[in-house]
Amino acid sequence: MAVRAGRQAADWRKHLADELATRPVDDVWMLTGAAVAAAVGIWLIALALSPGLRHWLSLRSPAGCPARLRASLNRDGAAALLRDAAMRVPGVGAAHVRVRRHRIKARADVRFRDPKHVKADLAAVLNEEREQLALTHTPRLVVRVRQRNA
């Protein structure tokens, strides 16, 4: 960016550009640098394609538990628990819960009762159930309801 703004490039960049321009391609240092760059690129691609633990939510450890002992909960399992809790709220005919790392989205169809009361009850029940999950990082809860006539 400095060069585009009309200023001089840093000395190390000038030196590196000169070295790369004057060395032959079959030089040992050029081949070594290319091999290292290729190995790092392959490693980064392998890391990007590996599943990792993104589908798992880490749980808090109980007091007095060893630090190396860790537990996780599958996101689909957490969503099923929260959906079952949502279905126990009076007035909810159908519920869909999606759990992500930072947010829980809950949608519910209201069959009877005032949707505002159902939304308040649903938020309270889901907050309580979310706390019982004992997640390390508590995701934000987003609740949406819509009136459905039977």
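**Helix 4 and its surroundings in a predicted model**

Helix 4 is followed by Ala134, a residue whose phi is positive, near 60°. This backbone value comes from a predicted model, as does everything described below. Ala134 is not a glycine, yet its phi of about 60° is positive. The residue sits in the loop between helix 4 and strand 5. With a relative accessible area of 23%, Ala134 is partly exposed.

The helix that ends just before this loop is a good place to begin a tour. Helix 4 runs over residues 115-133, and its 19 residues reach 26 Å from the first C-alpha to the last, close to the 27 Å expected at 1.5 Å a residue. Six of its residues deserve a joint look: Val118, Leu122, Leu126, Glu129, Arg130 and Leu133 are buried. They cover an arc of only 100° around the axis, and that places them on the same side of helix 4. The general geometry helps here: an α-helix has 3.6 residues a turn, so residues three or four places apart point the same way. Turned away from the buried side is a face of helix 4 that carries the exposed residues Lys116, Glu128 and Gln132. As for what lies over the buried residues of helix 4, the cover includes strand 2 (72-74), helix 3 (75-87), strand 3 (92-99), strand 4 (103-110) and strand 5 (140-147).

Two residues of helix 4 can be followed individually. Glu129, which has its place in helix 4, carries a carboxyl group but counts as buried because its relative accessibility is 15%, below the 20% limit for that class. Leaving aside neighbours within four places in sequence, Glu129 is in contact with Leu81, Leu82, Ala85 and Arg88. Ala124 is also found in helix 4, but this residue is partly exposed, with a relative accessible area of 45%. Ala124 and Thr138 are 14 residues apart along the chain, and their C-alpha atoms are separated by 15 Å.

On the other side of the helix in sequence is the loop between strand 4 and helix 4, where Arg113 is found. Arg113 is a residue other than glycine with a positive phi, near 80°. Its relative accessibility of 33% makes Arg113 partly exposed. The side chain of Arg113 forms a salt bridge with Asp121, and the closest N and O atoms are 2.6 Å apart. Asp121 is partly exposed as well, with a relative accessible area of 31%.

This pair belongs to a wider set, since a search of the whole structure finds seven salt bridges. Another of them joins Asp109 to Arg148, with the closest N and O atoms 3.9 Å apart. Asp109 lies in strand 4 and Arg148 in the segment after strand 5, so the pair ties together parts that are 39 residues apart in sequence. The two partners fall into separate accessibility classes: Asp109 counts as buried at 12% relative accessibility, whereas Arg148 counts as partly exposed at 34%.

A further salt bridge links Asp27 with Arg23, the closest N and O atoms being 2.8 Å apart. Asp27 is buried, with a relative accessible area of 19%, while Arg23, at 31% relative accessibility, counts as partly exposed. For Asp27 the class is decided by a small margin, because buried means under 20% relative accessible area. Glu19, Arg23 and Asp27 are joined into one network by salt bridges that share partners.

Nonpolar side chains also appear at the surface. Val36, Val40, Trp43, Leu44 and Leu47 make a nonpolar surface patch of about 510 Å². Leu47, one of these residues, lies in helix 2 (residues 28-49). Leu47 is partly exposed, with a relative accessible area of 44%.

Finally, the start of the chain can be placed. Val3 lies in the segment before helix 1 (11-22) and is exposed, with a relative accessible area of 54%. Val3 and Ala63 are 60 residues apart along the chain, and a distance of 57 Å separates their C-alpha atoms.

Key. Residues are numbered from 1 along each chain as its sequence is written. This is a predicted model: local features need pLDDT of at least 70, side-chain atom pairs count only at pLDDT 80 or more; totals for chains, interfaces and linings use all residues. Side-chain values use heavy atoms; hydrogens and water are left out. Patches are made of residues with over 30% relative accessible area and no salt bridge: like charges are joined within 9 Å, nonpolar side chains (Val, Leu, Ile, Met, Phe, Trp, Tyr) within 5 Å. Accessible areas come from the Shrake-Rupley method with a 1.4 Å probe; for residues, only the protein chains shown count as cover. A salt bridge is a side-chain nitrogen of Lys or Arg within 4 Å of a carboxyl oxygen of Asp or Glu. Helices (H or I, at least four residues) and strands (E, at least two) are DSSP runs, numbered from the N terminus. Buried means under 20% relative accessible area, exposed over 50%, partly exposed in between (1.4 Å probe, protein chains only). The expected span of a helix is 1.5 Å times one less than its number of residues. The arc is that of the directions from the helix axis to the C-beta atoms. Contact means heavy atoms within 4.5 Å.
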